[in-house]
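Visitor: Before we begin, could you show me the model and then take me through the terms used to describe it, setting each value against its definition?

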Amino acid sequence: MAGERVLLINTNRMRPVVAPLGLDYVAQALEGSGFRVEILDLAFAENTEEAISGYFQKNSVGAVAVTLRNIDDSYYASQDSFLPQVKEVIKSVRARTDGPIIMGGVGFSLMPCEIMEYCGVDFGIKGEGEEALPLLLQHIFNGEEFSGIPGLVFSTPKGLQLNPPRYLNLKRFSLSRRGAIDNLRYFLEGGMAGFESKRGCDRKCVYCADPVSKGRKIRLRPPKDVADELENLLKQGIDHFHTCDSEFNIPEGHALAICQEIIGRGLGDKIRWYAYCSPVPFSEELALLMRRAGCVGIDFGVDHGNDGMLRRLGRDFTSRDVREIANRCRRYSFSFMFDLLLGGPGETRETLKETVELMKGLDPSRIGVSFGVRLYRGTALGRQVLREGVTSANRNLRGRIEGNKDFLEPIFYVSAELGEGAEDYVKDLIGGDKRFFFAAKGEIEGNYNYNENSTLVQAIKKGYRGAFWDILRRLEEGTGL
């Protein structure tokens with residue numbers, strides 16, 4: 001087993017490019033277990049078929065692991081599924097190697113059995129791969145029984161079996177090295193690097209897939225390991241970052257400790273970073289320390305401005321909290337965005353109007369508008385829709401409905417109470433306000449959807465850095481790099 005060569009393939013071809021953070025972490029774990037790791041990064045390939053063919057003409061491997069970050073762009077206006085192109089990648093790989101093909105990643109973990117069956121791979125791993133993948137490979141290469149491996153999806157005579165995942169204790173597992181992928185190239189072509197301060201989410205949002213794919217228990221990384229990671233990336237020439245946590249400020253005490261570690265090392269003046277945050281908790285102390293630690297922008301998942309809608313979406317804050325964080329962000333000179341999720345259960349034209357008017361009055365730097373709620377089976381809203389029936393008779397459903405009961409293809413909840421023409425109604429409410437990122441069908445280019453966004457690609461080539469929404473803001477406002 002020692003020294004077996006394993007190929008990791010990144011299938012994410014979104015533009016601007018987004019570094020495969022999980023692949024970087026998993027490669028580190030594989031190397032620590034004695035495997036020889038190579039990476040075929042299709043994000044930079046002009047032609048995927050030629051890249052795959054070129055690799056296997058020169059190399060042979062014992063196994064191939066394919067990562068799937070997203071199953072689609074989760075955007076109602078485009079409804080672009082990534083699974084067909086991933087299936088073609090796997091078909092091409094299958095034609096060139098007899099080794100086992102394994103799938104994993106955040107996107108795969110949403111629907112592991114369905115995606116494994118669709119793509120035709122040998123094994124899958126739901127959840128984290130740092131422990132499970134080395135263990136699976138050891139058992140495969142040694143000819144050992146593998147049914148007890150956590151999170152493993154595999155075939156049995158009775159069909160696919162999914163073992164319960166076992167999530168890492170991040171206090172005992174360092175993720176700081178970050179040397180397996182070409183992080184500098186991703187920075188130069190993608191404008192930032194991602195990092196995690198924790199994994200898992202214990203929130204009760206009715207629509208969110210993060211607890212499904214990452215686990216419902218929050219597991220914290222030691223602040224020292226997070227700061228080590230940032231320092232290692234800074235040494236590679238990278239100085240703009242974005243958290244990949246569900247919500248950086250939950251729990252707030254851990255976020256404070258991360259900031260204190262960054263400040264204590266003198267990194268706050270050397271790096272600039274952005275964070276996803278919940279509207280609560282966001283205290284004066286946290287705002288101050290985040291700013292001192294180099295944070296310049298925050299994306300708050302506020303979802304809505306109507307308190308009834310917030311309750312129905314499973315959120316634990318109110319519109320009053322949203323007002324308070326807007327004032328706090330201005331006091332500490334943060335660039336900040338409020339992300340909205342419109343069209344959920346109980347949405348009416350009155351609640352839409354209330355929310356858009358509130359956003360205009362609060363004046364965040366930008367407002368992201370997602371119309372339609374992408375459905376996933378493991379969420380409360382997904383289960384509700386399954387009970388109601390996934391048919392064209394269900395007036396709350398839009399997208400690919402018939403024959404899509406597993407939600408593998410893009411399918412969206414849009415409240416039937418909105419009636420026809422709801423997208424146009426939202427567009428009229430916004431009224432051309434440049435602070436809003438919103439696109440109806442056929443109006444994708446240059447707006448909020450980050451997939452194949454040539455405006456962003458060109459801006460990053462010119463030297464713009466940071467969160468994509470903030471780059472678009474600076475472009476529109478003409479405030480420079």
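**Rings, helices and buried residues**

Visitor: How many aromatic pairs does the rule give here?

Guide: The count comes to 15 aromatic pairs, where rings of Phe, Tyr and Trp (for Trp, its six-membered ring) pair if their centres lie within 6.5 Å, and where planes under 30 degrees apart count as stacked, over 60 as edge-to-face and the rest as tilted. Please keep in mind that this is a predicted model, in which local features need pLDDT of at least 70 and side-chain atom pairs count only at pLDDT 80 or more, while totals for chains, interfaces and linings use all residues. Residues are numbered from 1 along each chain as its sequence is written, and side-chain values use heavy atoms, with hydrogens and water left out.

Visitor: Why is the pair of Phe195 and Trp273 called edge-to-face?

Guide: A pair of aromatic rings is described by the distance of the centres and the angle of the planes. For Phe195 and Trp273 the centres are 6.3 Å apart and the planes stand at 75°, so the distance satisfies the 6.5 Å limit and the angle lies over 60 degrees, which is the edge-to-face class.

Visitor: What makes this pair a link between distant parts of the chain?

Guide: Phe195 belongs to strand β8 (residues 193–195) and Trp273 to strand β12 (residues 272–277), with their positions 78 residues apart; strands here are DSSP runs of E with at least two residues, helices are runs of H or I with at least four, and both are numbered from the N terminus.

Visitor: Are Phe195 and Trp273 buried or exposed?

Guide: Phe195 has a relative accessible area of 1%, and Trp273 also has 1%. Both are therefore buried, since that word means under 20% relative accessible area, with over 50% called exposed and the range in between partly exposed (1.4 Å probe, protein chains only).

Visitor: Which residues form one aromatic cluster?

Guide: Phe282, Phe300, Phe334, Phe336 and Phe338 form it.

Visitor: How do you know which word describes the direction of α2 relative to α3?

Guide: Two packed helices are described by the angle between their axes and the distance between the axes. The axes of α2 (residues 48–58) and α3 (residues 83–94) come within 10 Å and cross at roughly 25°; axes are lines fitted to C-alpha atoms, for helices over the stretch in contact, and angles run from 0 to 180 degrees between N-to-C directions. Angles under 35 degrees count as roughly parallel, over 145 as roughly antiparallel, 65 to 115 as roughly perpendicular and the rest as oblique, so α2 and α3 are roughly parallel to each other. Glu49, Ile52 and Phe56 of α2 make the contact with Val89, Ser92 and Val93 of α3, contact meaning heavy atoms within 4.5 Å.

Visitor: Why is α1 called oblique to α6?

Guide: The axes of α1 (residues 21–32) and α6 (residues 129–142) come within 9 Å and cross at roughly 45°. That angle falls in none of the three named ranges, and so α1 is oblique to α6. On the α1 side Tyr25, Val26, Ala29 and Leu30 take part, and they meet Gly129, Glu130, Leu133, Pro134 and Leu137 in α6.

Visitor: What describes α9 and α10?

Guide: The axes of α9 (residues 223–235) and α10 come within 9 Å and cross at roughly 45°, and these two helices are therefore oblique to each other. Pro223, Lys224, Val226, Ala227 and Leu230 in α9 meet His254, Ala257, Ile258, Glu261 and Ile262 in α10.

Visitor: Why is Ile250 counted as it is, buried or exposed?

Guide: Ile250 is found in the loop between β11 (240–243) and α10 (252–264), and its relative accessibility of 7% places it among buried residues. Beyond its neighbours within four places in sequence, Ile250 is in contact with Lys198, Asp202, Arg203, Ile218, Ser278, Val280 and Pro281.

Visitor: What makes Thr379 and Ile367 buried?

Guide: Thr379, in the loop between β16 (373–374) and α15 (380–388), has 3% relative accessibility and so counts as buried. Not counting residues up to four places away in sequence, Thr379 touches Val206, Tyr207, Cys208, Ala209 and Val212. Ile367 lies in strand β15 (residues 366–371), and its relative accessible area of 0% makes it buried. With the neighbours up to four places away again left out, Ile367 touches Met337, Phe338, Leu340, Met359, Arg435, Phe436 and Phe437.
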